[in-house]
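Please open the model in your viewer with side chains drawn as sticks, and keep a selection panel at hand. The stops below are ordered so that each selection leads on to the next.

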Amino acid sequence: MSVTAMEQAHPSVPKARRHGAREAAIAALAVSPAVILLAGLLFGPALAVVLFSLTDWQLGGASFNFIGLANFQALFADALFWKALGNTALYVVLVVPGTVLLGLLVALLIEASPGLRGFYRAVHFLPVMSTMSAMAIVWGTMLHPTIGLVNRLLGVFGIAGLNWLRDEHTALLALALIGIWQGFGFAMVLFVSGLKAVPQQLYDAAAVDGCDGPFARLRLVTLPMLGPVTMFVVILTASRAFEVFDSVRVLTQGGPNYASEVLLTRLYAESFDYLRTGYGAALTVVYLAIVVALTLTQARFLERRVHYA
């Protein structure tokens with residue numbers, strides 16, 4: 001039956017269709033201010049950064065000139081940019097596995113213990129709630145070469161202390177350990193939620209098949225069922241690791257000799273210390289492109305290895 005014949009047979013159809021179209025138009029009109037505002041908040045700053053990256057504007061300057069891709073050319077020729085990018089990549093490589101593995105281990109231990117689960121969860125989640133700038137000062141005191149708690153504990157075992165934050169070989173490692181400490185509590189909470197969602201029937205079926213050992217249960221049941229949670233934790237942890245700034249700025253300022261310089265501290269220095277806003281905008285564009293590419297790559301790579309119940 002054609003649309004015209006159907007409308008003739010059912011006169012109420014055109015009226016209902018017009019009524020539905022009117023409702024859709026009213027709904028679109030009602031949400032349009034929020035959509036426009038949200039789009040402006042999301043894409044407006046990003047567009048402004050892209051435009052500034054094509055200029056030689058300096059913060060506070062009254063005028064600027066469009067210089068095309070000159071800022072990007074200077075950026076890719078800058079040795080400090082590549083140094084900061086390498087340090088950021090190494091920081092991510094250290095923090096992501098450490099945070100994920102430690103968060104999973106703590107979650108397994110908490111769920112295996114019968115009592116005080118709420119207390120242990122709260123204690124391990126406290127670093128996530130703390131302000132990183134304030135905690136960085138505490139860590140700076142703990143890592144002090146002479147009066148720091150870490151070196152004093154090492155001295156008890158006869159191990160010589162190190163100048164953790166002023167040695168080129170240990171500064172980035174110390175910052176990565178602080179990053180793991182600050183982030184593993186959030187990973188733990190997510191893994192605890194994932195463990196509670198694993199059906200007990202799977203463990204019972206595994207026991208019937210002769211899989212009684214804890215490590216076999218972990219390998220064959222728990223880890224596959226935690227696939228979606230693990231993918232989310234890895235992507236979120238990597239994104240947050242790329243955003244490292246507070247601890248570096250407070251503890252090392254990128255030193256010594258740029259050994260702990262990361263992308264965001266380089267961006268801050270160029271934009272606000274040297275007032276090279278156009279150059280800093282170009283660095284921001286590259287930084288955002290790297291984060292988006294990393295996130296999409298991780299999602300595509302991990303999606304193939306995730307089991308969804």
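Select R276 and E270 to begin, in what is a predicted model: the two side chains form a salt bridge in which the closest N and O atoms are 3.1 Å apart. The two partners can be coloured by accessibility, since R276 counts as partly exposed because its relative accessibility is 35%, whereas E270 counts as buried because its relative accessibility is 2%.

Keep E270 on display and add R266, which forms a salt bridge with E270 with 3.0 Å between the closest N and O atoms. Both residues sit in helix α13, four residues apart, or about one turn of the helix. An α-helix has 3.6 residues a turn, so residues three or four places apart point the same way. In this pair E270 and R266 are both buried.

Next add E261, whose side chain meets that of R266 in a salt bridge with an N to O distance of 2.5 Å. Is this second partner of R266 buried or exposed? E261 is buried, as is R266, and for R266 the relative accessible area is 4%. With the four residues E261, R266, E270 and R276 selected together, you have a network linked by salt bridges, in a structure that holds five salt bridges.

Now expand the selection around R266 by contacts, leaving out neighbours within four places in sequence: R266 is in contact with L80, A84, Y258, E261, Y274 and L283.

Widen the view to the whole of α13, which spans residues 263–273. Eight of its eleven residues are buried, so the helix is largely enclosed by the rest of the structure. The buried set is L263, L264, T265, R266, L267, A269, E270 and S271.

From that set pick L263, which touches F81, A84, L85, T88, F242, L283 and Y287 when residues up to four places away in sequence are not counted. L263 also belongs to the largest nonpolar core, which has 52 residues and in which F81, Y91, L143, F191 and L263 have the most contacts. To show where this core comes from, colour α3, α4, α6, α8, α11, α12, α13 and α14, the elements that give two or more residues to it; α8 gives the most, with 13 residues. Apart from this core lies another, of six residues, among them V198, Y203, C211 and V221.

Return to the two ends of α13, where the backbone deserves a look. On the side after the helix, select L275, which is found in the loop between α13 and α14 and has a phi near 60°, a positive value in a residue other than glycine. L275 is partly exposed, because its relative accessible area is 33%. In the loop between α12 and α13, select Q253, whose phi is near 55°, again a positive value in a residue other than glycine; Q253 counts as partly exposed because its relative accessibility is 47%. P256 is placed in that loop between α12 and α13 as well, and a cis peptide bond with an omega of about -5° joins G255 and P256.

For the next stop, turn to the surface and select L90, V93, L94, L173 and L177, which make a nonpolar patch of about 420 Å². Which elements give two or more residues to this patch? They are α4 and α8, and α4 supplies the largest share, with three residues. L90, placed in helix α4, counts as partly exposed because its relative accessibility is 43%.

Finish at T170, in the loop between α7 and α8, the latter spanning residues 171–196. T170 is buried because its relative accessible area is 10%, and a polar atom of its side chain lies 2.8 Å from the backbone oxygen of W164. Leaving aside residues up to four places away in sequence, T170 touches L162, N163 and W164, and displaying these three with T170 completes the last selection.

Terms used. Residues are numbered from 1 along each chain as its sequence is written. This is a predicted model: local features need pLDDT of at least 70, side-chain atom pairs count only at pLDDT 80 or more; totals for chains, interfaces and linings use all residues. Side-chain values use heavy atoms; hydrogens and water are left out. Buried means under 20% relative accessible area, exposed over 50%, partly exposed in between (1.4 Å probe, protein chains only). A polar contact is a pair of N or O atoms within 3.5 Å; within protein, one must be able to donate a hydrogen and the other to accept it, and residues adjacent in sequence count only if both atoms are side-chain atoms. Contact means heavy atoms within 4.5 Å. Patches are made of residues with over 30% relative accessible area and no salt bridge: like charges are joined within 9 Å, nonpolar side chains (Val, Leu, Ile, Met, Phe, Trp, Tyr) within 5 Å. Accessible areas come from the Shrake-Rupley method with a 1.4 Å probe; for residues, only the protein chains shown count as cover. A nonpolar core is a set of buried Ala, Val, Leu, Ile, Met, Phe, Trp, Tyr and Cys residues joined through side-chain atoms within 4.5 Å.
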